[in-house]
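Student: Got a minute to go through this model with me? I'd like to start with how the parts fit together.

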Amino acid sequence: MTAISGKIGITKRPGELGIHSMDSFNMTVPDLQVAEKFYKSFGLNVKEEGNGLGLYTFDSDRCWVSIDEGAKKKLNHLTFSVFEEDFLPLKKRVENDGIKLLDAPHGFDSAGIWFYDHNNVLIEVKVAPKRSPNEKSNFECLSVPAGQAAATTRSKAQTVEPIRLAHVLIFTTNVIKAIEFYHRILGLRLSDQSGDGICFMHGIHGSDHHLVAFAKSNAPGLHHCSWDVGSINEIGLGAMQMADNGYEKGWGLGRHVLGSNYFHYVRDPWGSYSEYSADIDYIPADKDWQSGDYLPEDSIYLWGPSIPKDFVHNYESD
Ligand SMILES: [Fe+2]
């Protein structure tokens with residue numbers, strides 16, 4: 001393994017132990033061809049890998065999401081990553097907490113540690129390069145001088161290709177326990193919450209406002225994966241790109257309150273969502289973010305269309 005801390009541009013909070021990134025996740029869907037069409041339309045580089053699919057962005061050779069075929073759509077595990085020197089101390093923290101370490105699932109070749117969270121969601125922690133950004137991501141808001149046209153024609157519109165997987169929002173049976181577990185074991189910090197209904201957590205070594213979020217439900221499950229694009233224009237173009245491919249259902253365009261990002265959610269074939277996101281708040285490694293607790297009606301979105309009635313329904317638990 002290669003030591004990756006201390007490199008120019010990598011940020012690390014000194015003297016504190018915690019994961020630096022949400023590296024990737026794995027899920028099962030009932031039809032890989034359906035998944036391939038959806039994520040290709042979304043602008044991702046979809047590769048056949050083994051018996052499943054890998055979701056990549058076009059400028060990275062590291063997989064963000066691995067997908068297997070199974071009876072129904074299901075979140076299987078989340079992979080978080082640490083600096084090399086933090087791996088054994090974090091493993092010791094897990095063991096000292098009395099959490100049972102598990103073998104890697106069948107078919108996963110892993111040097112990481114595996115264990116269940118408070119809600120029996122399978123977690124992997126491994127050594128890997130930092131995927132959380134080390135500074136606030138680029139956000140472009142282009143205009144043109146008077147006398148020029150700013151917009152292109154529909155036929156010449158660019159294909160939107162997200163830059164990176166930014167975060168996931170997963171369902172949990174107990175949001176307060178999620179905050180406690182992910183802070184105590186993985187070192188994540190609470191960014192903001194709305195009571196026991198939803199919370200957003202960030203990495204201590206510099207990350208977006210949230211790299212993982214939790215919403216209350218009667219069972220675990222994946223609500224959405226969020227993909228960073230560089231502008232509001234790309235969010236709008238992405239929404240049109242998906243609509244042109246038959247994926248018209250969703251929610252957006254809007255702007256969140258907690259995290260501040262502009263968004264458009266596209267409903268996937270299994271009732272969860274992929275989010276085009278831009279300009280999310282960033283919490284640097286040397287900043288202690290003051291978390292807040294917001295009323296539900298004052299926390300989800302600053303502006304945008306009304307939320308679809310079943311937007312936070314957990315279809316994995318049906
Ligand atoms: Fe999101």
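**Domains and core**

Tutor: Sure: 27 residues of domain 1 are in contact with 36 residues of domain 2, where contact means C-beta atoms, placed from the backbone, within 7 Å. This is a predicted model, where local features need pLDDT (the predictor's confidence in each residue, from 0 to 100) of at least 70, side-chain atom pairs count only at pLDDT 80 or more, and totals for chains, interfaces and linings use all residues. Residues are numbered from 1 along each chain as its sequence is written.

Student: Which residues does each domain span?

Tutor: Domain 1 is 21-127 and domain 2 is 159-317, with bounds from an automatic or database domain assignment.

Student: And what gives the most to the side of domain 1 that touches domain 2?

Tutor: That's S1, with five residues. The residues on that side divide into 15 nonpolar, seven polar and five charged. Here Ala, Val, Leu, Ile, Met, Phe, Trp, Tyr, Cys and Pro count as nonpolar, Asp, Glu, Lys and Arg as charged, and the others, Gly among them, as polar.

Student: Switching topic, how far apart are the C-alpha centres of the two domains?

Tutor: The centres of domain 1 and domain 2 lie 18 Å apart.

Student: OK, and how confident is the prediction, on average?

Tutor: The protein averages a pLDDT of 95, and 97% of the residues score at least 70. Over residues 1-6, though, the pLDDT is below 50. Where pLDDT is low, the predicted coordinates should not be read in detail.

Student: Last one: what does Cys-199 touch?

Tutor: Leaving out residues up to four places away in sequence, Cys-199 touches Val-175, Ala-178, Ile-179, Leu-190, Gln-193, Ala-213 and Phe-214.

How values were computed
Two residues are in contact if their C-beta atoms, placed from the backbone, lie within 7 Å. Helices (H or I, at least four residues) and strands (E, at least two) are DSSP runs, numbered from the N terminus.
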